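Trainee: I should be grateful for a close look at a single part of this structure, namely its enclosed space and what surrounds it. Please then connect that part to the rest of the chain.

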Amino acid sequence: MRKISGLLLGLALLGAKAFAADEYKIDPVHSRVGFAVSHMVVNTVHGRFTDFSGSILLDDKDISKSSVNVTIKTTSINTDNAQRDNHLRSKDFFDVAGFPEISFTSKAVEKTGNSYVAHGTLTIRGVSKDVDLGFQLKGPVNVGKKLLGAEAGLTINRQDFGVSWSKALDRGQLVVGNDVQIEINVEAGEVKAPPPAGK
């Protein structure tokens, strides 16, 4: 009876391992975290963060067991204008000295048609808000190791996160718009589990 119980336990553990979620690490070289915001009413400024990391845990058998985590270094902001970038790093905007990171941590993931939504917490300048991050998956494909792609986007109001510097034009319009479009395109490689000890 003990042998049968041990065999059943071993099969259960083997099955759990076979259907466990796969972990993918974001490759920053082949990924982009960007944003766009209205400037002077007549133009849209595009920028990006160049230093970020994160992981995707994907369980394609049960998507609800999947998760997404991303961390962005605020000092790495780049809009191709040094003077503007330094202003964005100041206390008027991101205050990179006091708040060096932006983070997103999912609480739940669900599939909606051919797309997905990660319900989670976005933290900017120490202010955390629940957001719904819609995304699409590409892959995985096997090229010696498994690669996964994801495209995500959402629009936030910067005022909700304490990024509140504002200056009005002569007709009351804002120099910098409140709505910020966030666009994320990532390529992530599978993280291989270490071999069992002694092998």
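Mentor: Let us begin with how residues are sorted by type: Ala, Val, Leu, Ile, Met, Phe, Trp, Tyr, Cys and Pro count as nonpolar, Asp, Glu, Lys and Arg as charged, and the others, Gly among them, as polar. Please keep in mind that this is a predicted model.

With that rule we can examine the cavity. The count comes to one cavity of 30 Å³ or more, and the largest cavity has a volume of about 40 Å³. Its lining consists of Asp22, Tyr24, Leu58, Asp59, Asp60, Pro140 and Lys146. Sorted by type, these residues divide into three nonpolar, no polar and four charged. Because Tyr, Leu and Pro count as nonpolar, the nonpolar members of the lining are Tyr24, Leu58 and Pro140. Because Asp and Lys count as charged, the charged members are Asp22, Asp59, Asp60 and Lys146.

Two of the lining residues deserve further attention. One of them is Pro140. Pro140 is placed in strand β9, which covers residues 127-142. The peptide bond that joins Gly139 to Pro140 is cis, with an omega of about 5 degrees. As a general matter, most peptide bonds are trans.

Another lining residue is Tyr24, which leads us to the other end of the chain. Val191 and Tyr24 are 167 residues apart in sequence, yet their C-alpha atoms are 5.4 Å apart in space. Val191 is found in the segment after β11 (176-190). Setting aside residues up to four places away in sequence, Val191 touches Glu23, Tyr24 and Lys25. Val191 counts as partly exposed because its relative accessibility is 36%, a value between the limits of 20% and 50%.

A further approach of this kind is found at Pro100, in the loop between α2 and β7. Pro100 and Lys73 are 27 residues apart in sequence, and the distance between their C-alpha atoms is 5.8 Å. Beyond four places in sequence, Pro100 touches Ile72, Lys73 and Thr74. With a relative accessible area of 45%, Pro100 is partly exposed. For the chain as a whole, among contacts between residues at least 6 apart in sequence, 55% join residues at least 24 apart.

The loop that holds Pro100 also holds Asp95, since Asp95 lies between α2 (82-89) and β7 (101-112). Asp95 has a positive phi of about 50 degrees although it is not a glycine. Arg125, in the loop between β8 (115-124) and β9, likewise is not a glycine and has a positive phi, of about 55 degrees. Most residues other than glycine have a negative phi. Asp95 counts as buried because its relative accessible area is 11%, and Arg125 counts as buried because its value is 19%; the limit for buried is under 20%.

We may now turn to the aromatic side chains. A search of the whole structure finds three aromatic pairs. One of them is formed by Phe35 and Phe49, which are tilted, with 5.7 Å from centre to centre and 45 degrees between the planes. This pair links distant parts of the chain, since Phe35 is in strand β2 (residues 32-39) and Phe49 is in strand β3 (residues 43-49), 14 residues apart. Phe49 also pairs with Phe94, edge-to-face, with 5.8 Å between the centres and 85 degrees between the planes. Here the link runs from strand β3 to the loop between α2 and β7, across 45 residues. Phe35, Phe49 and Phe94 form one aromatic cluster. Both Phe35 and Phe49 are buried; the relative accessible area of Phe49 is 8%. Phe94 is buried as well, with 13%.

Finally, we set these parts within the whole. The chain has two helices and eleven strands, which follow the pattern α-β-β-β-β-β-β-α-β-β-β-β-β along the sequence. Of its 199 residues, 33% count as buried. As to confidence, the mean pLDDT of the chain is 86, and 80% of the residues reach 70 or more. Over residues 3-19, however, pLDDT stays under 50, and for these residues the model has two contacts beyond four places in sequence.

Technical notes
Residues are numbered from 1 along each chain as its sequence is written. Side-chain values use heavy atoms; hydrogens and water are left out. pLDDT is the predictor's confidence in each residue, from 0 to 100. Contact means heavy atoms within 4.5 Å. Helices (H or I, at least four residues) and strands (E, at least two) are DSSP runs, numbered from the N terminus. Buried means under 20% relative accessible area, exposed over 50%, partly exposed in between (1.4 Å probe, protein chains only). On a 1 Å grid over the protein atoms alone, a cavity is a set of points where a 1.4 Å probe fits but cannot get out, and a pocket is an open set with protein on both sides within 12 Å along at least five of seven lines; lining residues have an atom within 4 Å of a point. Grid points are joined across faces, edges and corners, and a volume is the space filled by probe spheres set on the points. Rings of Phe, Tyr and Trp (its six-membered ring) pair if their centres lie within 6.5 Å; planes under 30 degrees apart count as stacked, over 60 as edge-to-face and the rest as tilted.
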